[in-house]
Amino acid sequence: MQIIVLKNLSVRISAMLSMACLFCGTLAVGQASPSASANASTSNWKQVEDAMGRTGQLQPGDVIKFAMPRKDLHVVLDGVDIKPGLALGSWAAFKRDGGGAMIMGDLVLTEDEVEPVMLKLQEGGIHESAVHNHLMRESPHVMYMHIASHGDAAQMAKTIHDALALTKTPDPDAAPAAQAAAGLGFDQKQVEQILGHTGKVNGGVLQIGVPRAETITDSGMTVPPSMGVATALNFQPTGSGKAAITGDFVLLGTEVNPVIQALRQNGIVVTALHSHMLMEEPRLFFMHFWANDDAVKLAKGLRAALDRTNSAK
């Protein structure tokens with residue numbers, strides 16, 4: 001009798017182990033690694049990357065964003081050599097829209113590049129939503145062409161590629177050289193604590209993005225913060241704890257003048273106020289600014305302006 005019981009127990013244990021192995025196998029199949037998920041997402045945009053002739057960076061919400069810094073330009077403002085990450089970064093971002101895509105972007109152009117680029121974009125069916133300045137007194141003068149369009153993703157990417165070919169925008173680096181981490185020369189942590197948001201250092205510039213609290217839509221489609229609807233605060237070190245700052249506040253109409261007052265009270269100059277989009281809801285205004293002073297002091301001024309907006313905490 002004991003032998004029979006032991007045999008039955010052995011059969012039960014064996015069956016339970018088999019089921020456990022099957023369950024583990026199911027988990028292994030169902031839970032793809034983060035890198036596998038990223039690769040799958042990247043493959044969804046391969047045609048767009050091929051058409052752009054460069055690699056994009058995946059963003060939340062099935063968005064891919066392409067950075068096209070104007071490293072060819074030597075722009076000086078108030079004695080500061082403007083780094084691409086401060087105010088010379090062209091970009092284009094794509095988000096799926098059914099069988100097509102929505103695109104938002106901002107192309108940094110010299111004055112003589114504006115007309116040929118606009119013509120090429122128009123020929124390819126891409127709509128411009130603004131052409132204007134962001135800075136003042138810079139040399140040479142730089143213009144910014146914003147785009148906002150819907151259509152076939154690969155075709156729009158090819159059009160942008162062909163438009164950029166009419167400019168001196170550099171090709172992407174084949175293999176970016178490794179750079180040793182260097183301090184910014186001001187207290188980055190304190191700046192981030194004051195602003196209430198952490199940033200990233202890109203090409204020697206501290207970049208901080210602050211999304212709005214509302215959902216932003218364009219033609220009824222949600223526009224993620226990575227597609228140009230987050231307030232951008234950029235700090236480029238200029239020595240002795242100082243930084244040149246620029247970027248843009250993304251504002252409702254009721255917030256425009258309170259933010260102007262806050263910036264001016266803190267020694268920050270407003271350099272432009274305008275729209276970047278055409279069909280957004282709610283209606284947004286974009287306010288650009290400039291200052292070169294103690295980084296912590298300027299962070300406090302920017303925070304005073306942020307506190308007058310409905311920005312994410």
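Trainee: How do S10 and strand S13 (residues 230-239) pair, parallel or antiparallel, and over how many bridges?

Mentor: They pair in the antiparallel sense, over six bridges. Two strands count as paired if DSSP finds at least two bridges between them. The strands and helices themselves are DSSP runs, numbered from the N terminus: E for strands, at least two residues, and H or I for helices, at least four.

Trainee: Is this a predicted model, and what should I know about the numbering and values? Just the basics.

Mentor: This is a predicted model, where local features need pLDDT of at least 70 and side-chain atom pairs count only at pLDDT 80 or more, while totals for chains, interfaces and linings use all residues. Residues are numbered from 1 along each chain as its sequence is written, and side-chain values use heavy atoms, with hydrogens and water left out.

Trainee: Back to S10 and S13, then. Which residue in S13 is the bridge partner of Ile208?

Mentor: Leu233 is the one. Gly209 stands opposite Ala232 in S13.

Trainee: And what does Ala232 stand opposite in S14?

Mentor: Asp248. S13 and strand S14 (residues 242-251) run antiparallel and are joined by seven bridges.

Trainee: How many residues lie between S13 and S14 in their hairpin?

Mentor: Two, and Ser240 in that turn has a positive phi of about 55 degrees. That is a positive value in a residue other than glycine.

Trainee: Is Ser240 buried or exposed?

Mentor: Exposed, with a relative accessible area of 78%. The cut-offs for relative accessible area are under 20% for buried, over 50% for exposed and partly exposed in between, using a 1.4 Å probe and protein chains only.

Trainee: What about S10, how many of its residues are buried?

Mentor: Five of the seven residues in S10 (residues 205-211) are buried, so the strand is mostly covered by the cut-offs of under 20%. S10 also pairs with strand S9 (residues 200-202), antiparallel over three bridges. In that pairing, Val201 stands opposite Leu206.

Trainee: Which residue takes a positive phi in the hairpin of S9 and S10?

Mentor: Gly203, with phi near 60 degrees; this hairpin has two residues between the strands.

Trainee: Switching topic. What is the strand order in the open sheet of six strands?

Mentor: The order is S1-S2-S5-S6-S8-S7, with antiparallel pairing. Strand S1 (57-59) and strand S7 (128-132) are the edge strands, and each pairs on one side only. Neighbouring strands of this sheet are turned by 15 degrees against each other on average, direction ignored. For angles, axes are lines fitted to C-alpha atoms, for helices over the stretch in contact, and the values run from 0 to 180 degrees between N-to-C directions.

Trainee: How many bridges join S5 to strand S6 (residues 100-110)?

Mentor: Seven, and the two run antiparallel. Arg96 has Ala101 in S6 as its bridge partner.

Trainee: Which strands does helix H5 (residues 111-123) touch?

Mentor: H5 packs on the sheet and touches S6, S7 and strand S8 (142-151), with its direction at about 160 degrees to that of S6. Contact here means heavy atoms within 4.5 Å. Helix H6 (residues 153-164) lies across strand S2 (63-69), S5, S6 and S8, and runs at about 170 degrees to S5.

Trainee: I was looking at Ser90. Where does Ser90 lie?

Mentor: In strand S5 (residues 89-97). Ser90 is buried, with a relative accessible area of 2%. Leaving aside neighbours within four places in sequence, its contacts include Phe66, Met68, Asp106 and Val108.

Trainee: How far is the backbone nitrogen of Val108 from a polar atom of the side chain of Ser90?

Mentor: 2.7 Å.

Trainee: Where are the cis peptide bonds I should look at?

Mentor: One joins Ser139 and Pro140, with omega about -5 degrees, and Pro140 is found in the loop between S7 and S8. Another joins Glu281 and Pro282, with omega about -10 degrees. Pro282 sits in the loop between strand S16 (280-281) and strand S17 (285-294).

Trainee: And for the protein chain, how many helices and strands?

Mentor: Nine helices and 17 strands. Buried residues make up 43% of its 313 residues.

Notes
Polar contact = N/O pair within 3.5 Å; in protein donor to acceptor, adjacent residues only side chain to side chain.
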